[in-house]
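Please open the structure in a viewer and keep the sequence panel visible. The tour below proceeds by selections, each followed by a description of what is found there.

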Amino acid sequence: MAVPRPVLFVDALPEFPHGVMVYPKLAGASPAVPSRALAESAASVLCQLHAVAADPALPERTLDADVIAALVRVTEPALTVPRRHGIERWRADMCAFLATEQPRCLIHGDFWHANWLATPDGRTMIGLLDFEHSGIGFPHEDLAPLRYLGEDFRAAAINAYCEASAKTAATLLVETRMFDVLRELRGLAWALRNRDAGELDDAIEKVVAVLASYA
């Protein structure tokens, strides 16, 4: 599948706080309708990506107890007291997970469907965009955004992913839910730093939603 190189990348423009990336015209379009075939295709892409021998020069997406503490500290003021309690429970679970020294691998870093290109029928991935967040990290970071196409879609993808993995689907899904919260907390931290983007309310709602499903 195509992994294109952007012809232009400009970060943090006032008009585009998320940055702008321009690619040559590529075949395919971002899929919008979930299907089992697409879930299996996404799982296949991740299995291949996560199995790539990582170049030691690649950046490591540092994630440890100190990083988690800093993220909680930055985002706490935007959350109510009951939600802060939920974040503290998540923090304890995440730190316990990190203490087990889980294996890391090459990850995409923003593996949600807007960064995919698929065949016209939307069943097969043929391209993958936006590698600016790639590096060495936990595979769960790539599995978390699959939920944007629905929990059934992600469950199907994780089942397919686990056919080539030593983990059971149930265990991997429980672990990945911790990374759902991590992803949305990072989004909230970004929205707090970039208030002019007008995404703070939406970011808070996303944190609330993942906390409800995490609990």
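## A residue in helix H4

Begin by selecting Glu141, which is found in helix H4. The model on display is a predicted one. Is Glu141 buried or exposed? With a relative accessibility of 6%, Glu141 counts as buried, because the cut-off for that class is under 20%. Now display its surroundings, setting aside the neighbours within four places in sequence: Glu141 is in contact with Arg61, Ile107, Phe179 and Arg186.

## Helix H5

Next, select residues 151-162, which form helix H5. This helix has 12 residues and reaches 16 Å from its first C-alpha to its last, close to the 16 Å expected at 1.5 Å a residue. Colour its buried residues, which are Phe153, Arg154, Ala156, Ala157, Ile158, Ala160, Tyr161 and Cys162. Against which elements do the buried residues of H5 pack? They pack against helix H1 (36-50), strand S4 (116-118), helix H4 (140-143) and H6.

## From H5 to H6

Keep H5 selected and add helix H6, residues 169-193. Two packed helices are described by the angle between their axes and the distance between the axes. For H5 and H6 the angle is about 125° and the axes lie 10 Å apart; the two helices are therefore oblique to each other. H5 passes H6 in a right-handed crossing. To see the contact, show Glu151, Arg154, Ile158, Asn159, Tyr161 and Cys162 on H5, together with Ala169, Leu172, Leu173, Thr176, Arg177 and Asp180 on H6. Sorted by class, the residues of this contact are 6 nonpolar, 2 polar and 4 charged.

## From H6 to H2

Leave H6 on display, hide H5, and select helix H2, residues 65-75. H2 and H6 pack at an angle of about 50°, and their axes are 9 Å apart. That angle makes H2 oblique to H6. The crossing of this pair is left-handed. On H2, show Ile68, Leu71, Val74 and Thr75; on H6, show Leu182, Leu185, Arg186, Leu188, Ala189 and Leu192. How many residues of each class does the contact of H2 with H6 have? There are 8 nonpolar, 1 polar and 1 charged. Arg186 of H6, which takes part here, is also one of the residues in contact with Glu141.

## Helices H3 and H7

Now turn to another pair, helix H3 (residues 81-99) and helix H7 (residues 200-214). Their axes come within 11 Å and cross at roughly 60°, and H3 and H7 are therefore oblique to each other. The crossing is left-handed. Select Arg83, Gly86, Ile87, Trp90 and Asp93 in H3, which meet Val207, Val208, Leu211 and Tyr214 in H7. This contact comprises 6 nonpolar, 1 polar and 2 charged residues.

## A last stop on H3

Finally, select Arg89, which also lies in helix H3. Is Arg89 buried or exposed? Its relative accessibility is 52%, and because the exposed class begins over 50%, Arg89 counts as exposed. To close the tour, place a distance label between the C-alpha atoms of Arg89 and Leu211: they are 10.0 Å apart in space, while 122 residues separate the two in sequence. Leu211 is one of the H7 residues that meet H3.

Conventions. Residues are numbered from 1 along each chain as its sequence is written. This is a predicted model: local features need pLDDT of at least 70, side-chain atom pairs count only at pLDDT 80 or more; totals for chains, interfaces and linings use all residues. Side-chain values use heavy atoms; hydrogens and water are left out. Axes are lines fitted to C-alpha atoms, for helices over the stretch in contact, and angles run from 0 to 180 degrees between N-to-C directions. Helices (H or I, at least four residues) and strands (E, at least two) are DSSP runs, numbered from the N terminus. Angles under 35 degrees count as roughly parallel, over 145 as roughly antiparallel, 65 to 115 as roughly perpendicular and the rest as oblique. A crossing is left-handed if the near helix is turned anticlockwise from the far one by less than a right angle, and right-handed if clockwise. Contact means heavy atoms within 4.5 Å. Ala, Val, Leu, Ile, Met, Phe, Trp, Tyr, Cys and Pro count as nonpolar, Asp, Glu, Lys and Arg as charged, and the others, Gly among them, as polar. The expected span of a helix is 1.5 Å times one less than its number of residues. Buried means under 20% relative accessible area, exposed over 50%, partly exposed in between (1.4 Å probe, protein chains only).
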